[in-house]
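Good morning, colleagues. Today I should like to discuss side-chain contacts, beginning with aromatic rings and ending with charged groups.

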Amino acid sequence: MACVSLLSSADCKACTSAIISADRNPYGRPILWKHRDTSAIDNKVEYVPAAAGEFAYVALFNASDKYLKEAWIGMNEAGFAVMNTASYNIKDDKVSSKKMDKEGIVMTKALKTCRSVDDFARLLETLPRPMGVEANFGVIDATGNGAYFETNNHSFKRYDLKDAENGVLVRTNYSHSGRPNEGFGFVREANACHLLKPFAENGDITPELLTEEVSRSFYHDMNKRDYSSGADRWVIDQDFIPRYKSTATVAIEGCRPVSSFSEATPAMIKDQYIMWTGLGYPPCSEIRGVRCSADGVDRDLRGILPNGHAPLSDSAKEMRDKVFPIHKGNGDKYIDMDALYNNEGTGFADKLKAVNKNIYKSEREKRDGQNK
């Protein structure tokens with residue numbers, strides 16, 4: 001029963017993520033990417049104005065989070081951004097499950113108070129123990145620094161982006177500092193590394209590569225095969241980056257690194273940072289560019305519908321139901337690949353990639369003009 005419980009928990013709280021250094025992006029900007037997997041299928045994006053002594057921020061929340069207590073990826077007006085993936089091999093105590101799952105609360109506090117990667121390290125050092133977390137936290141700041149913090153209830157191990165061999169760090173649902181051969185997401189990590197490697201070598205990793213290619217890819221590293229371009233119509237949903245419980249793809253593209261945090265004013269961050277966001281099942285997601293300002297969140301991303309639902313999240317969920325059309329037995333394990341990709345180019349992913357290409361172009365021109 002304990003094994004079944006653990007597997008169920010991992011299935012409900014998984015993610016694939018990456019941190020990209022500025023020199024691996026053709027626009028010279030670091031990227032923080034999270035492909036979210038969770039049983040909280042309905043997500044929204046909201047702006048939170050600054051309280052006294054705190055920073056304003058914008059973040060992804062569960063639709064049910066009426067009071068915006070738990071951020072799952074976001075950025076603040078100082079240029080600090082944070083996200084997480086659940087880990088399943090670094091908890092080393094018997095703290096009960098009732099006292100766990102505080103990652104969203106920690107990230108909300110970080111968005112309110114942190115300006116730098118080092119600030120986040122100090123936050124983790126000062127939080128009361130046990131912290132109630134078992135996670136890989138990923139962060140970037142306006143100077144171009146980035147790091148993963150593999151964190152349990154009492155300690156953390158830091159992995160700095162500057163030490164990454166190819167300027168890319170990837171994490172799924174185990175910690176590299178944790179117990180060997182435990183955890184989840186080994187194949188998904190290999191998938192992401194395979195897909196990103198040639199672009200990292202050429203310094204050409206962009207947010208659209210992450211949201212439009214990696215989050216929509218059905219490459220399986222164990223089989224060395226991309227199932228989206230094969231002849232099989234019905235594909236088993238196992239160890240791909242997009243999963244039945246995938247609920248968002250978000251790539252936060254920062255500014256060109258500044259030499260001093262004093263340069264990272266709220267006005268500059270509003271102008272230069274973009275949180276490229278696709279709600280719902282990522283192969284069916286329509287992207288929007290989010291800015292850190294009161295008017296920076298597209299209405300279709302906000303929780304304006306009953307129960308805090310966002311229009312684009314609901315739209316993607318309707319499409320996902322057609323991608324997984326079998327509603328008996330283990331039907332939710334079978335992907336109708338023709339609904340996503342087909343020779344006529346009429347699949348959901350086919351059509352949305354064309355739509356999103358124009359959205360990226362338009363938003364980037366607003367930020368950069370006609371030039372890179």
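What follows is a short account of aromatic pairs, charges over rings and salt bridges. Please bear in mind that this is a predicted model.

Let me begin with the aromatic side chains. A search of the whole structure returns 11 aromatic pairs. In one of them, Phe-120 and Phe-137, the ring centres are 5.6 Å apart and the planes stand at 65 degrees, so the pair is edge-to-face. This contact links distant parts of the chain, with Phe-120 in helix α3 and Phe-137 in strand β7, 17 residues apart. Are these two rings buried or exposed? Phe-120 is buried, with a relative accessible area of 0%, and Phe-137 is buried, also with 0%.

I turn to another pair, Phe-218 and Phe-240. Their ring centres lie 5.3 Å apart with the planes at 70 degrees, so this pair is edge-to-face. Here both partners sit in loops: Phe-218 between α5 and β11, and Phe-240 between β13 and β14, 22 residues apart. Phe-218 is buried at 0% relative accessible area, and Phe-240 is buried at 1%.

Which residues join Phe-120 and Phe-137 in one aromatic cluster? They are Phe-80, Phe-149 and Phe-156.

Rings also receive charged groups. The charged end of Arg-171 sits over the ring of Tyr-159, 4.9 Å from its centre. Likewise, Arg-367 places its charged end over the ring of Tyr-27, at 5.7 Å from the centre.

I come now to the salt bridges, of which the search of the whole structure finds 30. Glu-46 and Arg-302 meet through their side chains at 2.8 Å, N to O. Glu-46 belongs to strand β3, whereas Arg-302 lies in the loop between β16 and α7, 256 residues apart. Glu-46 is buried, with a relative accessible area of 8%, while Arg-302 is partly exposed at 36%.

A further salt bridge joins Arg-158 to Asp-118, at 3.0 Å from N to O. It runs from strand β9, which holds Arg-158, to helix α3, which holds Asp-118. Arg-158 is partly exposed at 29%, and Asp-118 is partly exposed at 39%.

Finally, Glu-208 forms a salt bridge with Arg-364, the closest N and O atoms being 2.8 Å apart. Helix α5 contains Glu-208 and helix α8 contains Arg-364, 156 residues apart. Glu-208 counts as partly exposed at 21% relative accessibility, and Arg-364 as buried at 7%. Through shared partners, salt bridges join Arg-29, Glu-208, Glu-253, Arg-364, Arg-367 and Asp-368 into one network. Arg-367 is thus a member of that network and also the residue whose charged end sits over Tyr-27.

Key. Residues are numbered from 1 along each chain as its sequence is written. This is a predicted model: local features need pLDDT of at least 70, side-chain atom pairs count only at pLDDT 80 or more; totals for chains, interfaces and linings use all residues. Side-chain values use heavy atoms; hydrogens and water are left out. Rings of Phe, Tyr and Trp (its six-membered ring) pair if their centres lie within 6.5 Å; planes under 30 degrees apart count as stacked, over 60 as edge-to-face and the rest as tilted. Helices (H or I, at least four residues) and strands (E, at least two) are DSSP runs, numbered from the N terminus. Buried means under 20% relative accessible area, exposed over 50%, partly exposed in between (1.4 Å probe, protein chains only). A charge sits over a ring if NZ of Lys or CZ of Arg is within 6 Å of the ring centre and within 35 degrees of the ring normal. A salt bridge is a side-chain nitrogen of Lys or Arg within 4 Å of a carboxyl oxygen of Asp or Glu.
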